[in-house]
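Please open the model in a viewer and keep the sequence panel visible. The tour below proposes one selection after another and states what is found at each.

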Amino acid sequence: MIPVTQIWPQDVARRYREKGYWNGETFTSFLNRRAAMHPDRIAVVGDGVGWSYAELQTRAETVAAGFLALGLAPGERVVVQLPNIAEFLSVVFGLFRARLIPVFALPAQRLTEIRHFAQTAEASAYVVKDRWDEFDYRHLARAVKAEVPTLRHVVVVGEAEEFVPLDGFTPDAGLLPADAAPCDVAFMQISGGTTGLSKLIPRTHDDYIYSFRESARICGLSEKSVLMVALPAAHNFPMSSPGFFGALYVGARVVMSSSPSPDRAFALIERERVTTTGLVPPLALLWLQAADTTSADLSSLEVLHVGGAKLMPEVARRVRPVLGCTLQQVFGMAEGLVNYTRLDDPEEVIVSTQGRPISPDDEVLVLDDRGVPAPDGTPGHLLTRGPYTIRGYHNAPAANQRAFTPDGFYRTGDIVVRRADGNLVVQGRAGDHINRAGEKISAEEIEDHLLAHDNVFDAAVVSIPDDYLGERSCAFIIPKGEKPRSAAIKAFMRTRGLADFKVPDQIVFVERFETTAVGKISRKELRARLRAQFLETQREKQGV
Ligand code: OOB
């Protein structure tokens with residue numbers, strides 16, 4: 001089993017400690033501190049449950065003992081695929097307490113993706129909810145377990161069938177190990193997967209706690225705040241920007257919403273007097289629309305975080321008048337760097353920029369195509385390193401070579417403009433991925449699946465601007481033999497064990513792909529040309 005580590009150069013780490021960014025806390029130590037300070041205060045509200053800080057701590061210790069009793073040892077990895085339920089928190093704090101390493105998967109992900117995470121992490125266990133959104137995760141767990149030899153246990157929240165029920169775990173303080181060291185990896189996030197399959201992102205107690213502690217401060221969270229988790233909890237954004245971890249860190253209340261739809265979320269805002277929540281741009285648009293006609297009382301909302309994809313200024317401008325709260329734009333990435341507009345920024349900054357970094361020690365480079373710093377006001381490639389940006393993915397030497405410079409900067413793949421006031425404005429991506437309503441899809445990964453279809457000779461997947469989703473995916477396909485129907489291709493993609501959001505939104509059949517005079521073209525260039533041609537034809541059709 002390959003140990004999971006995340007290591008900064010020694011002198012750099014010393015500086016981050018000296019400056020107090022890394023303050024020696026761990027997830028377990030901060031939860032225990034909160035539980036000791038105000039045991040009876042409510043920490044988390046889920047469907048029909050409300051747990052106090054003391055109860056969350058006790059439940060976490062029971063979960064920890066349960067996993068250790070199964071024979072798992074500190075350092076082993078556990079894939080966690082849970083929806084927005086209170087148990088999300090007891091499970092992850094339990095795994096932290098046992099020094100097991102959660103690997104966060106989204107509820108939308110399926111066999112191909114979960115198998116990849118479990119294999120790459122050499123996971124020993126997998127935690128699922130029995131059923132959710134009309135999907136039976138025990139079926140999925142059976143398939144994963146059959147294919148991943150390291151996976152010994154499946155733990156189920158709800159009806160476990162042949163697996164281990166979470167609520168069967170019993171406390172046993174004698175089993176609990178000493179706490180983790182703050183520089184240990186606490187968990188692994190999943191990368192958006194710019195090229196090919198997703199990579200695993202190891203985050204330490206030190207670096208992650210710093211990022212959400214500062215986020216909570218920048219976002220004005222206090223123990224009076226009520227933060228609703230509307231986006232899938234496993235995403236880095238609702239987790240830490242400022243997220244449920246930021247809320248728990250300051251002793252606030254977390255409300256788990258089973259869905260981000262206005263129907264569900266508005267009712268919860270009214271009932272729980274929610275003060276803060278986060279959305280991706282398409283949902284913000286939907287909420288703005290629904291707020292016009294809702295009878296729900298949204299007056300408790302103070303701050304709305306929007307991020308994950310670019311929020312257009314016209315939409316941003318409507319947040320304050322329509323929802324009666326302050327917009328805070330968040331431009332972040334699971335690899336680290338997070339930028340915020342500040343609550344007291346002028347409206348122009350809040351509406352038109354994606355903000356500036358959390359830390360004075362976030363080093364941000366904006367470089368032109370030659371690698372020379374681009375002057376403020378001109379677009380360039382964003383590179384970054386700092387006290388909560390990783391120095392490498394787990395066990396991925398080739399990807400690390402591409403994604404990091406020799407001196408440790410992470411190449412984000414984003415094209416940004418830095419304004420003279422230091423705020424960043426996101427212009428787009430350098431690489432080939434589709435940002436579909438905040439979900440990142442790698443063109444390469446989808447092309448690979450399309451090529452597995454008998455009637456596909458070649459395929460190129462590109463992003464197309466979309467009024468609602470921001471971007472949608474379009475697959476250009478050269479058929480082989482009999483030309484298949486679009487519906488058949490989509491149906492085929494649904495059998496590939498992928499999250500539904502990866503099924504191409506649109507399919508265009510073409511006879512061939514253009515090549516250069518020497519008959520060669522990079523896939524990157526090909527995608528760019530196909531996209532440009534498509535947009536041109538669309539414009540002609542619309543007579544623009
Ligand atoms: C968040 O994290 P990821 O890892 O799913 O995706 C990161 C990428 C960024 O590199 C950028 O391309 C895009 O998502 N992005 C934005 C954005 N926020 C993220 N693009 C334009 N405007 C924004 N506000 O998506 C994430 C992580 C933490 C906080 C917020 C978002």
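In this tour Ala, Val, Leu, Ile, Met, Phe, Trp, Tyr, Cys and Pro count as nonpolar, Asp, Glu, Lys and Arg as charged, and the others, Gly among them, as polar. The model is predicted: local features need pLDDT of at least 70, side-chain atom pairs count only at pLDDT 80 or more, and totals for chains, interfaces and linings use all residues. Residues are numbered from 1 along each chain as its sequence is written, and side-chain values use heavy atoms, with hydrogens and water left out.

**First stop: the ligand**

Select the ligand and the residues near it, where near requires a heavy atom of the residue within 4 Å. The ligand has 18 residues around it, of which Gly308, Val330, Ala334, Asp414 and Lys440 come nearest. By class, this shell comprises seven nonpolar, seven polar and four charged residues.

Which elements supply at least two residues each to the shell? They are helix 8 (236-240), strand 16 (326-333) and strand 22 (424-429); here helices (H or I, at least four residues) and strands (E, at least two) are DSSP runs, numbered from the N terminus. Strand 16 gives the largest share, four residues.

Next, display the polar contacts, that is, pairs of N or O atoms within 3.5 Å; within protein, one must be able to donate a hydrogen and the other to accept it, and residues adjacent in sequence count only if both atoms are side-chain atoms. In the side chain of Asp414, an N or O atom is 2.5 Å from an oxygen atom of the ligand. A polar backbone atom of Ala334 lies 2.9 Å from an oxygen atom of the ligand. For Lys310, a backbone N or O atom is 3.5 Å from a nitrogen atom of the ligand. The ligand taken alone exposes 590 Å², and the protein buries 94% of that; such areas come from the Shrake-Rupley method with a 1.4 Å probe, and for residues only the protein chains shown count as cover.

**Second stop: Gln328**

Remain on strand 16 and select Gln328, which belongs to that strand. Is Gln328 buried or exposed? Its relative accessibility is 0%, so Gln328 counts as buried; buried means under 20% relative accessible area, exposed over 50%, and partly exposed in between (1.4 Å probe, protein chains only). Add Asp344 to the selection: 16 residues separate it from Gln328 along the chain, and their C-alpha atoms are 9.8 Å apart.

**Third stop: strand 1 and its partners**

Select residues 42-46, which form strand 1. This strand is largely enclosed by the rest of the structure, because four of its five residues are buried. Strand 1 pairs in the antiparallel sense with strand 2 (residues 49-52) over four bridges, where pairing requires that DSSP find at least two bridges between two strands. Gly46 faces Val49 of strand 2. In this hairpin two residues lie between the strands, and Gly48 takes a positive phi near 75°.

Now add residues 253-256, strand 13, which pairs with strand 1 in the parallel sense over two bridges. Val45 stands opposite Val255 there.

**Fourth stop: helix 4 and the loop after it**

Select residues 87-97, helix 4. How many of the residues of helix 4 are buried? The count is 10 of its 11 residues, among them Phe88, Leu89 and Arg97. Continue into the loop between helix 4 and strand 4 (101-104), where Arg99 lies. Arg99 has a positive phi of about 60° although it is not a glycine. With a relative accessible area of 29%, Arg99 is partly exposed.

**Fifth stop: two further loops**

Select Asn395, in the loop between strand 20 (380-385) and helix 15 (397-403). Asn395 is another residue other than glycine with a positive phi, near 45°. Its relative accessible area of 45% makes Asn395 partly exposed.

Then move to Pro242, in the loop between helix 8 and helix 9 (243-249). A cis peptide bond, with omega about -10°, joins Ser241 and Pro242.

**Last stop: a sheet of three strands**

Finally, select strands 25, 26 and 27, which form an open sheet in the order 25-26-27 with mixed pairing. Strand 25 (456-466) and strand 27 (506-509) each have a single partner strand, so one side of each is left without a neighbour in the sheet. Strand 25 and strand 26 (residues 470-479) pair in the antiparallel sense over 10 bridges. Pro479 in strand 26 is the bridge partner of Val456.
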